[in-house]
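Got your viewer up and a selection box ready? Let's take a short walk through this one, stop by stop.

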Amino acid sequence: MQNKYPSDSVTVLTDLVLPGETNPLNNLFGGELLARMDRAASITARRHSRRICVTASVNHVAFNKAIPLGSVVTVEAKVSRTFSTSMEIFIDVWTEDRESGIKNKANEAIYTFVAVDEMGSPVPVPPIEPQTELEIQRFEAALRRKQLSLVLAGKMKPAEATELRALFTT
Ligand SMILES: CC(C)(COP(=O)(O)OP(=O)(O)OC[C@H]1O[C@@H](n2cnc3c(N)ncnc32)[C@H](O)[C@@H]1OP(=O)(O)O)[C@@H](O)C(=O)NCCC(=O)NCCS
């Protein structure tokens with residue numbers, strides 16, 4: 001399969017925070033943000049693989065900054081690394097200052113998607129070739145994140161997570 005670049009499948013979703021989407025503090029409800037990120041990441045996974053894609057894991061979410069009612073929120077999802085049938089998708093979330101238009105990073109998340117056939121069986125995806133410095137950094141750390149996710153899911157023995165263990169032993 002031919003290599004693809006992260007920019008080939010990047011997805012950018014911009015939307016408002018409306019009253020029905022907030023918590024009692026009038027900030028965006030966490031579950032609503034998770035759904036927006038899942039949607040953007042799912043489109044990216046589909047664009048990269050051109051297959052049906054399912055969410056296998058939410059590896060990491062950091063709700064660093066509250067997002068107030070009425071904010072313009074941009075969710076950007078990019079493939080950070082592919083393995084055999086799975087894709088790690090990195091999601092960055094920004095809000096936009098109303099007067100200056102300057103974007104401020106609010107949150108980030110990492111999801112894993114798997115490409116499947118019509119029967120739901122995993123199928124191979126094209127390799128990714130990172131281009132920018134940030135894409136390369138995220139690519140290089142993704143194997144450790146995959147191992148951590150598999151260990152937490154009980155699908156890998158800690159002893160087999162060689163690259164992850166090296167973080168703590170070197
Ligand atoms: C995701 C799913 C297809 C994986 O099926 P499976 O039988 O575990 O298949 P495999 O063990 O071959 O795993 C497939 C890939 O997913 C990866 N994977 C599975 N679970 C993972 C996890 N928790 N974290 C990271 N990667 C994971 C495997 O490492 C493998 O990657 P690779 O082929 O790139 O090396 C299957 O569990 C599924 O259909 N889950 C439901 C998905 C869904 O409905 N999502 C929406 C939630 S409502």
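Start by selecting arginine 39, which sits in helix α2 (helices are DSSP runs of H or I with at least four residues, strands are E runs of at least two, both numbered from the N terminus). A caution before you zoom: this is a predicted model, where local features need pLDDT of at least 70, side-chain atom pairs count only at pLDDT 80 or more, and totals for chains, interfaces and linings use all residues. Numbering runs from 1 along each chain as its sequence is written.

Arginine 39 is partly exposed because 14 other C-beta atoms lie within 10 Å (20 or more would be buried, 12 or fewer exposed, with C-beta atoms placed from the backbone). Now add alanine 77: the two are 38 residues apart in sequence, yet 9.3 Å apart in space, C-alpha to C-alpha.

Next, the largest nonpolar core, with 28 residues (buried Ala, Val, Leu, Ile, Met, Phe, Trp, Tyr and Cys joined through C-beta atoms within 7 Å). Pick Met37, Ala41, Ile89, Ile91, Tyr111 and Phe113, the members that touch the most others. Elements giving two or more residues here are α2 (30-49), β3 (72-82), β4 (86-96) and β5 (103-116), and β5 gives the most, with 7.

Last stop, the ligand: which residues are closest? Among the 18 that surround the ligand, they are Phe83, Ser84, Thr85, Ser86 and Ser149 (the cut-off is a backbone-placed C-beta atom within 6 Å). Color that shell by class and you get 8 nonpolar, 8 polar and 2 charged residues (Ala, Val, Leu, Ile, Met, Phe, Trp, Tyr, Cys and Pro are nonpolar; Asp, Glu, Lys and Arg charged; the others, Gly among them, polar). β2 gives the most to the shell, with 4 residues.
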